[in-house]
Structures are given as structure tokens and as C-alpha cells.
Amino acid sequence: MAGAPTHVLTINGGSSSVKFAVFACGADRAPVRVLGGALTGIGSAQAALTTDVDGRATTTALPGPSLTHADAAAHVLAWLAPRLDGTDQLMSFDDAWHRT
């Protein structure tokens, strides 16, 4: 559809956290953050996923053994999927950026 917003996924992976955000962009407007969050505590038994949708932040403790970066990525993708109309949407971003 012409004029539909472009969606950009940004990911910032660090030694003990993964931060992410989705932005809606268009040729006629500046990027607008539509959702995002951070999974902190990678490598510890006190990991947590903090998310922000429309200015409402929620933090969820992730109990269990210490998380790996692969576990963190799986948690982030599982959280994103239902908010982006299912897993097919995850593969249709117009652009994605990663910073380590």
C-alpha cells in the first residue's frame, strides 16, 4: 500500500542486556518509536524483561537459571511476535539495525 509506514527494528546487544525498539517511519515524517524494551541480567539468575508500549512500561522477572544471549533473543522475539500481528511480521521489517 502506498504511503504505508516503514518499520525499522533496532537492537543493541551488550554483555548483560539486549535493548530493542521498533520505529514507524515515512518519507514525510520523522521516525516515531512505537514500542521497545530491554532484557537485562543476561548471565545472572535475576534477568528481567522491561517493555514499553505507548508510554506504558511493564517489567517481568524471568525466573530460572541464568539466561544466555540466545535465551534473551528468544524472549525478545516471543514478546515482539504477538504485538506485530504474528511471527510473519517479524520477517517483514523494512530495515533492521544491530549494535554490539
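Arg33 and Asp52 form a salt bridge, with their closest N and O atoms 3.5 Å apart. The model is predicted, and it holds 1 salt bridge. This pair joins distant parts of the chain. Arg33 sits in strand β3, Asp52 in strand β4, and 19 residues separate them. How exposed are the two partners? Arg33 has 41% relative accessibility, so it counts as partly exposed. Asp52 is partly exposed too, with a relative accessible area of 22%. Buried would require a value under 20%.

Now step back to the overall layout. The protein has 2 helices and 6 strands. Read from the N terminus, the elements run β-β-β-β-β-α-α-β. Of the 100 residues, 31% are buried. The exposed area is about 6200 Å². Carbon and sulfur atoms supply 57% of that area. Contacts also reach along the chain. Among those with a separation of 6 or more, 36% are between residues 24 or more positions apart.

Next comes the interior. In soluble globular proteins, nonpolar side chains tend to be buried together. Here the largest nonpolar core has 16 residues. Which members touch the most other members? They are Leu39 and Leu80. Four elements give two or more residues to this core: β2 (17-26), β3 (29-40), β4 (47-53) and α1 (69-83). The largest share comes from α1, with 4 residues.

Leu39 deserves a closer look. Residues up to four places away in sequence are not counted here. Leu39 then touches Ser16, Ser17 and Val18. The list also includes Ala47, Ala48 and Leu49. Further on in sequence, Leu39 touches Leu62, Leu67, Ala72, His75 and Val76.

One of those partners, Ser17, lies in strand β2. Ser17 has a relative accessible area of 15%, so it is buried. With neighbours within four places in sequence left aside, Ser17 is in contact with Asn12, Leu39, Thr40 and Ile42.

Turn to helix α1. The helix has 15 residues. From its first C-alpha to its last, α1 reaches 22 Å. That is close to the 21 Å expected at 1.5 Å a residue. Which residues of α1 are buried? They are Ala72, Val76, Trp79, Leu80 and Ala81. Two of these, Ala72 and Val76, are touched by Leu39.

Trp79 leads to the aromatic side chains. A pair of aromatic rings is described by the distance of the centres and the angle of the planes. The structure holds 1 aromatic pair. The ring centres of Phe20 and Trp79 are 5.7 Å apart and the planes meet at 55°, so the pair is tilted. An angle over 60 degrees would count as edge-to-face. This pair also links distant parts of the chain. Phe20 is in strand β2, Trp79 is in helix α1, and they are 59 residues apart. Are these two residues buried or exposed? Both Phe20 and Trp79 are buried.

Thr51 touches both members of that pair. Thr51 lies in strand β4. Its relative accessibility is 9%, so Thr51 counts as buried. Neighbours within four places in sequence are again left aside. The contacts of Thr51 are then Phe20, Gly36, Gly37, Arg56, Ala57, Thr58 and Trp79.

Strand β4 thus brings the path back to its start, because Asp52 of the salt bridge lies in β4 as well. Thr51 in that strand is buried, at 9% relative accessibility, whereas Asp52 is partly exposed, at 22%.

Definitions and conventions:
Residues are numbered from 1 along each chain as its sequence is written. This is a predicted model: local features need pLDDT of at least 70, side-chain atom pairs count only at pLDDT 80 or more; totals for chains, interfaces and linings use all residues. Side-chain values use heavy atoms; hydrogens and water are left out. A nonpolar core is a set of buried Ala, Val, Leu, Ile, Met, Phe, Trp, Tyr and Cys residues joined through side-chain atoms within 4.5 Å. Buried means under 20% relative accessible area, exposed over 50%, partly exposed in between (1.4 Å probe, protein chains only). Contact means heavy atoms within 4.5 Å. Accessible areas come from the Shrake-Rupley method with a 1.4 Å probe; for residues, only the protein chains shown count as cover. Rings of Phe, Tyr and Trp (its six-membered ring) pair if their centres lie within 6.5 Å; planes under 30 degrees apart count as stacked, over 60 as edge-to-face and the rest as tilted. The expected span of a helix is 1.5 Å times one less than its number of residues. A salt bridge is a side-chain nitrogen of Lys or Arg within 4 Å of a carboxyl oxygen of Asp or Glu.
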